[in-house]
Amino acid sequence: MSTYWGKADLHIHSNKSDGTASIEEIMGYVQDETDLDVIAITDHNTIEGALAARSMCDSGAYRFDVIVGEEITTTDGHILGLFLTEHVPARMTTVETIRMIERQGGIAVVAHPFSNQGVFGPFGRNRFQEAVNDWAFHALETYNSLPFLVWANSVAAKLFAGGQGIAATGGSDAHFLQAVGTGFTRFRGRTAQEVKASILAFETRAESKRHGLSFAWRLARNIPQVFRLRAWNRQRCKGDATYRENWSA
């Protein structure tokens, strides 16, 4: 059993959905500017960018592992699918989405659970225990580094404290390069498969990178750019029915 505790950012967006950085830029940044052992590309309702990142990683040019992921829009909110081999369509129920992830041997993570786009919403604490019993997801994102999710993170962390037979994860939810690695998951080992094993063994924990107020302000100043990119993407693909079905901010 490994005695090394690695770092994995399990929630990163590229310009294949509403992120601002290309896959090439993300890979280079992780390689040169972080100490992450594993990353997951989790674009909205597409695995195109994640597959490209995995292909680049398989070339042997990078020191870290890549997980193919997707942030899937369900009828309740957003679910992260990790270790995917196929795209999971949007707008299914949460139960259907989790089942489709599991059929691929993947891991289902409830992303930013108490945010406006979380499956529980800001006032959904009472739904949490019901969901644990009925939805059978694998992990709860108890830390997300988006600046406006401080309260939602605290609710997730408090509810998770009781155990519940699920794992805790952390991620940056990065939509631009400087945010990558600001939130992460500690796991036993160094590889993607060891991330999976640690989640299934309930031994992961969510942590955040320490940074000053000036850095947090720089992150917040980029948020309007993300919303502008989302609006531009919607307009660009207004006539593309396939795109509208598969990607929703």
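**Figure 1. Overview of the predicted model, with its nine helices and nine strands**. In this predicted model, the protein is built from nine helices and nine strands, and buried residues make up 55% of its 249 residues. Among the contacts in the protein with a separation of 6 or more, 67% are accounted for by residues 24 or more positions apart. The accessible surface comes to about 11200 Å², and 51% of this surface belongs to carbon and sulfur atoms.

**Figure 2. The open sheet of nine strands**. The strands of this sheet follow the order 7-6-5-4-3-2-1-8-9, and their pairing is mixed. Strand 7 and strand 9 stand at the edges, where each has a single partner strand, so one side of each is left without a neighbour in the sheet. On average, and with direction ignored, neighbouring strands of this sheet are turned by 35 degrees against each other.

**Figure 3. Antiparallel pairs within the sheet, strand by strand.** Strand 1 (residues 5-12) and strand 8 run antiparallel and are joined by four bridges; in this region Gly6 has Phe187 of strand 8 as its bridge partner. Strand 8 also pairs with strand 9 (residues 205-208) in the antiparallel sense, over four bridges, and here Thr185 stands opposite Ala206 in strand 9. Elsewhere, five bridges join strand 3 to strand 4 (residues 78-82), two strands that likewise run antiparallel, with Glu70 standing opposite Gly81 in strand 4.

**Figure 4. Helix 1 and helix 6 packed on the sheet**. Helix 1 packs on the sheet by touching strand 1, strand 2 and strand 3, and its direction makes about 165 degrees with that of strand 2. Helix 6 (residues 192-200) also packs on the sheet, where it touches strand 1, strand 2, strand 3, strand 5, strand 6 (139-144), strand 7 and strand 8. The direction of helix 6 makes about 85 degrees with that of strand 8.

**Figure 5. The largest nonpolar core, with 50 residues**. Within this core, the residues with the most contacts are Met27, Ile39, Ile41, Phe120, Phe128, Phe137 and Leu140. Both helices and strands give two or more residues to the core, including helix 1 (23-33), strand 2 (38-41), helix 2 (48-58), strand 3 (65-73) and helix 4 (125-135). Helix 1 gives the most, with five residues. In soluble globular proteins, nonpolar side chains tend to be buried together. For a closer look at one member of the core, Ile41 can be followed to its contacts beyond four places in sequence, which are Ile12, Ile23, Ile26, Gly49, Ala50, Ala53, Ile67, Val68, Gly69 and Glu70. Apart from the largest core lies another core, of 17 residues, among them Ala8, Ala40, Ala167 and Ile199.

**Figure 6. Thr42 in the loop between strand 2 and helix 2**. Thr42 has a relative accessible area of 0% and is therefore buried, since that value falls under 20%. When residues up to four places away in sequence are not counted, Thr42 touches Leu10, His11, Ile12, His13, Gly69, Glu70, Glu71, Leu80 and Leu82.

**Figure 7. Ser115 in the loop between strand 5 and helix 4**. Ser115 is buried, with a relative accessible area of 8%, and a polar atom of its side chain lies 3.0 Å from the backbone oxygen of His112. Leaving aside neighbours within four places in sequence, Ser115 is in contact with Gly121, Pro122, Leu149 and Ala152.

**Figure 8. Thr182 and Asp173 in the loop between strand 7 and strand 8**. Thr182 is buried, at a relative accessible area of 1%, and its side chain reaches the backbone oxygen of Ala179 at 2.7 Å. The C-alpha atoms of Thr182 and Leu146, which are 36 residues apart along the chain, are separated by 9.2 Å. Asp173 counts as buried at 4% relative accessibility, and although Asp173 is not a glycine, it has a positive phi of about 55 degrees.

**Figure 9. Arg91 in the loop between strand 4 and helix 3**. Phi of Arg91 is near 70 degrees, a positive value in a residue other than glycine. At 53% relative accessibility, Arg91 counts as exposed, because this value is over 50%.

Notes. Residues numbered from 1 in each chain as written. Predicted model: local features only at pLDDT ≥ 70, side-chain atom pairs only at ≥ 80, totals over all residues. Heavy atoms only, no water. Buried < 20%, exposed > 50% of the residue type's maximum accessible area, 1.4 Å probe, protein only. Contact = heavy atoms within 4.5 Å. Areas by Shrake-Rupley, 256 points an atom, 1.4 Å probe, with all protein chains shown as cover. Polar contact = N/O pair within 3.5 Å; in protein donor to acceptor, adjacent residues only side chain to side chain. Core = buried A, V, L, I, M, F, W, Y, C linked by side-chain atoms within 4.5 Å. Pairing = 2+ DSSP bridges. Axes fitted to C-alpha atoms, helices over the stretch in contact; angles between N-to-C directions.
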